[in-house]
Amino acid sequence: MFTSIISGVGSTLTIKEAAICSLAAVVIGLVISAVYMFCGKYTKNFAVSLAILPLIVQVVIMMVNGNLGTGMAVLGAFSLVRFRSVPGSSREICAIFLSMAIGLALGMGYVTFAASMAAVVCILLILLSKTPFGEKKNENKILRITIPENLDYNGVFDDIFEKYTKSVSLDGVKTTNLGSMYKLDYTVVMKNSTDDKKFIDELRCRNGNLTISLEKSVTEKDEL
């Protein structure tokens, strides 16, 4: 079943064999690109690159076809591409590796194997991206409070924090408005998210009704 349609290493490549592999590379590349777009955010440039990458890799592998010297030259060319590209997210890197792997398999003539593996990986990608698998609940919130300079911020909100939060930490203090006010940055974990308004109202009474903001903490960027 998983046999190569190419006669053998170093053999003459026929037009029929090249056409079948190239057509399969285009179709599978478009499928991989479509699945990537379906699973999350994307840019047009990256989607187009994913679609044509299997065909490019397939052509390169077909041209090598057992030639050691050419293979080493291609390896050096691919290593240079790494230093000319912008680092991407883990999802982007996995998609690139998938497209390259499919191109490698097609370049060696394994059309059925390439199609089967692409189908399996694409189905897994859809299932895992559309389910809660791997999700981490982020309960941290960023609290920013502005207070007048004559208010000592050490312990001034402790009773309110104890009432509404599970944990709290003071991350930073800076002056503002020509030194007449302080801005306090806290990281807090609320006991109950529905109490946000009550929490802010009590803080406003304590800080003289100056600016207060409570927002979700920025999640970490996914990287490989």
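In the predicted model, the buried residues of helix α5 are V111, A114, A118 and C122. These residues lie on the same side of α5, because the arc that they cover around the axis is only 60°. Residues three or four places apart in an α-helix point the same way, since there are 3.6 residues a turn. The packing partners of the buried residues of α5 are α1 (15-39) and α4 (90-107). Helix α5 comprises 19 residues, 111-129, and its end C-alpha atoms are 27 Å apart; this agrees with the 27 Å that the helix should span at 1.5 Å a residue.

The protein as a whole contains 7 helices and 4 strands. Their order along the sequence is α-α-α-α-α-β-α-β-β-α-β. Of the 224 residues in the protein, 27% are buried. Among contacts with a separation of 6 or more, 73% are between residues 24 or more positions apart. The exposed surface of the protein amounts to about 14,600 Å², of which 63% is supplied by carbon and sulfur atoms.

Helix α2 covers residues 44-64, 21 residues in total. From its first C-alpha to its last, α2 reaches 30 Å, close to the 30 Å expected at 1.5 Å a residue. A kink of about 40° is nevertheless found in α2 at I52, shortly before the proline P54. The buried residues of α2 are F46, A47, L50, A51, L53, P54, V57, Q58, M62 and V64. The proline that follows the kink is thus itself listed among the buried residues of the helix. After α2 comes N65, with a positive phi near 40°.

Contacts to α2 can be followed from S99, a residue of helix α4. S99 is buried, as its relative accessible area is 0%, where buried means under 20%. Leaving aside residues up to four places away in sequence, S99 touches I32, L50, L53 and P54. L50, L53 and P54 are buried residues of α2. The C-alpha atom of S99 is separated by 6.7 Å from that of G29, although the two residues are 70 residues apart along the chain.

Strand β1 (residues 140-148) pairs with two other strands. With strand β3 (residues 181-190), β1 runs antiparallel and is joined by 9 bridges. With strand β4 (residues 212-216), β1 pairs over 5 bridges, also in the antiparallel sense. R144 has a partner in each of these strands: D185 stands opposite R144 in β3, and S213 is the bridge partner of R144 in β4. In a regular strand, side chains alternate between the two faces of the sheet.

Positive phi values also occur in loops next to the strands. Most residues other than glycine have a negative phi. L178, in the loop between β2 (165-176) and β3, has a positive phi near 60°. The relative accessible area of L178 is 92%, so this residue is exposed, the cut-off being over 50%. N209 is likewise not a glycine, and its phi is positive at about 65°. The position of N209 is in the loop between α7 (196-207) and β4.

Technical notes
Residues are numbered from 1 along each chain as its sequence is written. This is a predicted model: local features need pLDDT of at least 70, side-chain atom pairs count only at pLDDT 80 or more; totals for chains, interfaces and linings use all residues. Side-chain values use heavy atoms; hydrogens and water are left out. The expected span of a helix is 1.5 Å times one less than its number of residues. Buried means under 20% relative accessible area, exposed over 50%, partly exposed in between (1.4 Å probe, protein chains only). The arc is that of the directions from the helix axis to the C-beta atoms. Contact means heavy atoms within 4.5 Å. Accessible areas come from the Shrake-Rupley method with a 1.4 Å probe; for residues, only the protein chains shown count as cover. Two strands pair if DSSP finds at least two bridges between them. The bend at a residue is the angle between axes fitted to the seven residues ending there and the seven starting there.
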